[in-house]
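Q: I am new to this structure and would like to learn how to read the place where a ligand is held. Could you take me through it step by step?

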Amino acid sequence: MTWNRRHLLDIESLSTEELLTVLDTARGFKAVGNRAIKTVPALRGKTVINLFVEPSTRTRISFELAAQRLTADVINFNADTSSLKKGETLRDTARNLEAMNADIIIIRHSAAGAPHFLARFLQCSVVNAGDGAHEHPTQALLDVFTIREKKGRVEGLKVTVMGDILFSRVARSNIWALRKLGAQVTLCGPPTLVPRWFEQMGCRVCWDVTEALRDADVVNLLRIQHERQRQSMFPGVGEYRSQFGLDRARMEGLKPDVLIMHPGPINRGVEIDADTADGDRSVILEQVTNGLAVRMAVLYLVTGNDPGFVRN
Ligand code: CP
């Protein structure tokens with residue numbers, strides 16, 4: 001087990017060994033979550049601040065609960081009622097939070113690179129909870145954790161990521177994590193949202209849905225990130241659904257043991273229909289459950305705890 005980092009800023013810079021350290025540590029914390037008493041004192045006396053400057057349901061609540069399970073004090077920063085609205089800079093806001101003895105600042109921001117920016121001048125740990133279209137490292141960690149738990153391995157699996165790849169931080173972090181762990185990654189969606197240059201990240205780009213889904217062991221669906229698109233990238237939602245939506249008919253062409261994943265929030269009836277989202281191949285809610293264990297592992301590791309301490 002190897003971990004010597006104060007921050008978790010991205011997946012790109014992690015080694016395969018570091019990735020596996022997070023996954024193994026998370027497995028120990030998942031077991032803790034199944035006990036009658038779900039809290040451990042690993043972060044007792046530490047202060048965690050959720051600095052979310054973009055909306056979130058899963059990531060923010062999961063980090064909050066993870067910090068509480070580790071017995072940390074946790075504060076949720078509300079951007080809408082903060083002094084950011086009065087013109088305070090992100091740098092000054094973060095330095096003021098650190099001045100209140102924050103040990104970890106977890107940041108979600110619409111600007112790519114915002115967590116890396118904070119890490120340059122803060123002494124406390126910085127954890128990236130999603131920065132623009134750049135990375136969403138804990139989402140990728142919980143995704144590969146779920147694949148490994150369900151399939152017993154990641155290496156050699158065929159994983160198709162389908163949807164709006166271009167504007168997706170989830171896609172980028174997943175590509176890095178899956179490639180480092182030895183999966184074969186296919187990207188599928190409209191050519192405007194899945195440009196050929198993603199092949200430089202070691203992926204196959206395939207615009208033919210039937211071909212992209214045929215041999216997949218895992219299908220990870222992404223929503224259209226309207227909030228980041230500055231122009232229309234395809235004719236309309238109906239067109240997208242008919243060309244790329246995963247429904248009962250398309251499910252019939254998939255392997256019987258395929259895993260259907262989605263980071264959420266899902267747009268039912270667009271990238272995935274209700275039957276598929278709630279069907280027996282879907283692990284969407286298990287991803288959410290695993291997110292808690294993964295985020296406990298990340299908070300535990302960035303504060304310098306012994307990676308070998310949490311055994312399964
Ligand atoms: N998957 C994800 O990041 O969801 P939230 O935006 O709700 O945090």
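A: Let us begin with a term: a polar contact is a pair of N or O atoms within 3.5 Å. Please keep in mind that this is a predicted model. With that cut-off in hand, we find an oxygen atom of the ligand 2.6 Å from an N or O atom in the side chain of Thr 59.

Q: Which other side chains have an N or O atom at a short listed distance from the ligand, such as 2.9 Å or 3.0 Å?

A: The side chain of His 136 has an N or O atom 2.9 Å from an oxygen atom of the ligand, while a polar side-chain atom of Gln 139 lies 3.0 Å from a nitrogen atom of the ligand. Of the 260 Å² of accessible area that the ligand has on its own, the protein covers 91%.

Q: Which residues surround the ligand, and how many of the shell are nonpolar, polar or charged?

A: Around the ligand are Ser 56, Thr 57, Arg 58, Thr 59, Arg 108, His 136, Gln 139, Pro 263 and Gly 264; this shell divides into 1 nonpolar, 6 polar and 2 charged residues. The ligand sits in the largest pocket.

Q: Why does the ligand lie between domain 1 and domain 2?

A: The ligand lies between them because domain 1 (16-135 + 290-302) and domain 2 (137-287) both give residues to its shell. The C-alpha centres of the two domains lie 26 Å apart, and 27 residues of domain 1 are in contact with 26 residues of domain 2.

Conventions:
Residues numbered from 1 in each chain as written. Predicted model: local features only at pLDDT ≥ 70, side-chain atom pairs only at ≥ 80, totals over all residues. Heavy atoms only, no water. Near = heavy atom within 4 Å. Polar contact = N/O pair within 3.5 Å; in protein donor to acceptor, adjacent residues only side chain to side chain. Areas by Shrake-Rupley, 256 points an atom, 1.4 Å probe, with all protein chains shown as cover. 1 Å grid on protein atoms, 1.4 Å probe; cavity = no way out; pocket = protein on both sides within 12 Å on 5 of 7 lines; lining within 4 Å. Sits in = over half its atoms within 2 Å of the grid points. Nonpolar A, V, L, I, M, F, W, Y, C, P; charged D, E, K, R; others polar. Domains from an automatic or database assignment. Contact = heavy atoms within 4.5 Å.
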